[in-house]
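Here's a walk through one chain, written for someone with the fold open on screen. Have a look first, then follow along.

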Amino acid sequence: MKVKKIEVGSLETNCYVLSSDGEYAVIDPGADADKIIAGLESSNREGSEVKFVLATHFHWDHVEAAADLVNRLKTDFYLGEKDLDLFQQSSDSGLSTDRILKEGDTVNLGSNKLKVWETPGHTPGSISLVEEKERKLLVGDLFFSSGFGRTDLPGGSRSDLEDSLARVVELDGDWEIFPGHGPTFHLEEKLNSSPFLADMRQE
Ligand SMILES: [Zn+2]
């Protein structure tokens, strides 16, 4: 599975274009639909379909271009079940949810399988996508190359975030982490630089 990062919007959100065997997906289209479509076109030469647009959580800086993209690409929108409250509060999103994701669901893309983990804390319905075969993990705003997701916004929970992190650090081996902002990094690297996380793994 190829993962292409496209930085969008004033908060420099990482929008990811995933591709596998001619199938495409867009994760966290936070702004700049034109830029995302240009990015898709440059990797999607045969005009293959975009299977879905997915938000790791329903915050404006991760979904602002979602409605525009879903309409223009004639595709579906996927969201974690426990962020439906945030979704419903935002009446002007112009979006409908075509698939509601829950813990343990699998989203297929080409020959790749993305397992859905509910990783709340930043929002109640934040999800991570786990590609076990290639050890790739998309975490939204759970944690970053430096620092952790904010828990002071509506629905945020510090203890939930810690539980979600505790789960991630138990993953075996080295994983490539694709966060919602900032550079991608490796889990081992992060464990080496964060005593907080390293302790969690040992507990
Ligand atoms: Zn967020």
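## Starting at Val3

Val3 sits in strand β1, which covers residues 2-8. This is a predicted model, so treat every value here as computed from that prediction. How buried or exposed is Val3? Val3 counts as partly exposed, because 18 other C-beta atoms lie within 10 Å and the buried class begins at 20.

Setting aside residues up to four places away in sequence, Val3 touches Tyr16, Leu18, Lys136 and Phe178. For a sense of scale, Val3 and Ala38 are 35 residues apart in sequence, and their C-alpha atoms are 15 Å apart in space.

## The nonpolar core

Now for the inside. The largest nonpolar core has 51 residues, and the members that touch the most others are Ala25, Val26, Ile27, Ile36, Val53, Ala66 and Leu69. Strand β4 (residues 50-55) supplies the largest share of this core, with 5 residues. As background, nonpolar side chains tend to be buried together in soluble globular proteins.

Ile36 is a handy residue to click on. Beyond its neighbours within four places in sequence, Ile36 is in contact with Ile6, Val8, Cys15, Val26, Pro29, Ala65 and Leu69. Val26 and Leu69 appear in that contact list, and both are also among the core members that touch the most others.

## Helices α1 and α3

Two packed helices are described by the angle between their axes and the distance between the axes. For helix α1 (residues 33-43) and helix α3 (residues 66-73), the axes come within 9 Å and cross at roughly 45 degrees. The two helices are therefore oblique to each other, and the crossing of α1 and α3 is right-handed.

Which residues make the contact? On the α1 side they are Ala33, Ile36 and Ile37, and on the α3 side Asp68, Leu69 and Arg72. Sorted by class, the contact of α1 with α3 has 4 nonpolar residues, 2 charged and no polar ones. Ile36 and Leu69 turn up here again, having already featured in the core.

## Helices α5 and α7

The other helix pair to look at is α5 (residues 158-169) with α7 (residues 195-202): their axes come within 9 Å and cross at roughly 70 degrees. That angle is why α5 and α7 are described as roughly perpendicular to each other.

In this contact, Leu165, Ala166 and Val169 of α5 meet Leu197, Met200 and Arg201 of α7. The tally for α5 with α7 is 5 nonpolar, 1 charged and no polar residues.

## Two positive phi angles

Most residues other than glycine have a negative phi. Asp32 goes the other way: it is not a glycine, yet its phi is positive, at about 55 degrees. Asp32 belongs to the loop between β3 (23-27) and α1. With 19 C-beta neighbours inside 10 Å, Asp32 is partly exposed, because the buried class needs 20 or more.

Lys74 is another non-glycine residue with a positive phi, near 50 degrees. Lys74 is in the loop between α3 and β5 (76-80). Is Lys74 buried or exposed? Lys74 is exposed, with 9 other C-beta atoms within 10 Å.

## A few more spots to check

Glu176 is in strand β11, residues 176-179. Glu176 counts as partly exposed, with 15 C-beta neighbours inside 10 Å. Away from its neighbours within four places in sequence, Glu176 is in contact with Arg135, Lys136, Thr184 and His186. Lys136 is also one of the residues that Val3 touches. Glu176 and Glu189 are 13 residues apart in sequence, with 9.8 Å between their C-alpha atoms.

Trp60 is in helix α2 (residues 60-63), and its 14 C-beta neighbours inside 10 Å make it partly exposed. Trp60 and Phe87 are 27 residues apart in sequence but 9.9 Å apart in space, C-alpha to C-alpha. Gly94 lies in the loop between α4 (84-89) and β6 (99-101). Gly94 counts as exposed, with 11 C-beta neighbours inside 10 Å. The C-alpha atoms of Gly94 and Val70 are separated by 9.9 Å, although the two residues are 24 apart along the chain.

Methods. Residues numbered from 1 in each chain as written. Predicted model: local features only at pLDDT ≥ 70, side-chain atom pairs only at ≥ 80, totals over all residues. Axes fitted to C-alpha atoms, helices over the stretch in contact; angles between N-to-C directions. Helix = DSSP H or I, 4+ residues; strand = E, 2+ residues; numbered from the N terminus. Parallel < 35°, antiparallel > 145°, perpendicular 65-115°, else oblique. Contact = placed C-beta atoms within 7 Å. Nonpolar A, V, L, I, M, F, W, Y, C, P; charged D, E, K, R; others polar. Left-handed = near helix turned anticlockwise from the far one by under 90°. Core = buried A, V, L, I, M, F, W, Y, C linked by C-beta atoms within 7 Å. Buried ≥ 20, exposed ≤ 12 C-beta atoms within 10 Å, placed from the backbone.
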